[in-house]
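Hi everyone, thanks for making time for this one. I'd like to walk you through a model and then leave room for discussion.

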Amino acid sequence: MELFEKILSAVLIAVIPILTGYFCELLHKLASEAVQRTKDEKTQALLGEIERAVQSAVVYVNQTFVDELKKTNQFSENDEYADVAFVTAFDKTVEILSQEAKAYIKKTFGDLQDYLEVKIEESVNYEKRFRK
């Protein structure tokens, strides 16, 4: 049983980031298509603001928190640091977004936190894959 758990863990560790990357790419493509389809300049501006806020927050966390932990090999050893990095990115995104953008997310996508979690994960995976 212990061998099975180790094998399963190794497979999941390898497969989940790949699937997450594809999922995030799909979400990014769908968001881009939604922006292109909309004729409403205000909606385009809000979607652009949301995208930039999330990207700015993720870059901020990478530059100020994650990079420092990686230098000391602490980030990969402790999931708690990953959670702190995520919460920091989430809080920074909410801080950057205008009230109008937050209201738009709630009206259009439902829950602000759920939507931003997906967008942050998408941005983190993009940063990992394309900005090494």
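I'll go from the overall layout to the core, then to the charged pairs and the rings.

Before anything else, please keep in mind that this is a predicted model. The protein chain has five helices and zero strands, so from the N terminus on you simply read α-α-α-α-α. There are 132 residues in the chain, and 27% of them count as buried. The exposed surface comes to about 9200 Å², with carbon and sulfur atoms supplying 57% of it. If you look at contacts between residues at least 6 apart in sequence, 68% join residues at least 24 apart.

Now to the core. Which residues of the largest nonpolar core touch the most other members? They are I50, L97, I105, L116 and I120, out of 18 residues in that core. Helices α2, α3 (79–96), α4 and α5 (112–130) each put in at least two residues. The largest share is that of α2, with seven residues.

Let me zoom in on L116. Leaving out residues up to four places away in sequence, L116 touches V54, F90, T93, V94, L97 and I105. Two of those partners, L97 and I105, were on the list of best-connected core members a moment ago.

Another good place to stop is V58, in helix α2, which spans residues 41–71. Is V58 buried or exposed? V58 is buried, because its relative accessible area is 3%, and the cut-off for buried is under 20%. With neighbours up to four places away left out, V58 touches I120, S123, V124 and E127. Take E127 from that set: E127 is 69 residues away from V58 along the chain, yet their C-alpha atoms are separated by 8.3 Å.

Next, helix α4, residues 99–109. Here A101, K102, Y104 and I105 are buried. Down the axis of α4, these buried residues fall within an arc of 160°, so they line one face of the helix. On the face turned away from that buried side, you find the exposed residues Q99 and K107. Just after α4 comes G110, with a positive phi of about 100°.

On to the charged pairs. The count of salt bridges is four, and I'll show you three examples.

The first example is K42 with E100, at 3.1 Å from N to O. This pair links distant parts of the chain, with K42 in helix α2 and E100 in helix α4, 58 residues apart. How accessible are the two partners? K42 counts as partly exposed at 44% relative accessibility, and E100 also counts as partly exposed, at 40%.

The next example is K119 with E51, where the N to O distance is 3.0 Å. Again the pair links distant parts of the chain: K119 sits in helix α5, E51 in helix α2, and 68 residues separate them. K119 counts as buried at 5% relative accessibility. E51 is buried as well, with a relative accessible area of 19%, and I'd flag that value against the cut-off of under 20%.

K119 has another partner, E122, in a salt bridge of 3.4 Å from N to O. K119 and E122 both lie in helix α5, three residues apart, which is about one turn of the helix. E122 is buried too, with a relative accessible area of 5%. Put these together, and shared partners join E51, K119 and E122 into one network.

Last stop, the rings. How many aromatic pairs does a search of the whole structure find? It finds two. In one of them, the rings of Y104 and F109 have their centres 6.2 Å apart and their planes at 80°, so the pair is edge-to-face. F109 also pairs with Y115, and that pair is stacked, at 4.2 Å centre to centre with 15° between the planes. Together, the ring pairs link Y104, F109 and Y115 into a cluster. As for accessibility, Y104 counts as buried at 16%, Y115 is buried with a relative accessible area of 15%, and F109 counts as partly exposed at 40%.

To bring back one thread, Y104 is one of the buried residues of α4, and Y104 is also part of the ring cluster. That's my tour, and I'm happy to go back to any view you like.

How values were computed:
Residues numbered from 1 in each chain as written. Predicted model: local features only at pLDDT ≥ 70, side-chain atom pairs only at ≥ 80, totals over all residues. Heavy atoms only, no water. Helix = DSSP H or I, 4+ residues; strand = E, 2+ residues; numbered from the N terminus. Buried < 20%, exposed > 50% of the residue type's maximum accessible area, 1.4 Å probe, protein only. Contact = heavy atoms within 4.5 Å. Areas by Shrake-Rupley, 256 points an atom, 1.4 Å probe, with all protein chains shown as cover. Arc of directions from axis to C-beta. Core = buried A, V, L, I, M, F, W, Y, C linked by side-chain atoms within 4.5 Å. Salt bridge = Lys/Arg side-chain N within 4 Å of Asp/Glu carboxyl O. Phe/Tyr/Trp six-rings, centres within 6.5 Å; stacked < 30°, edge-to-face > 60°.
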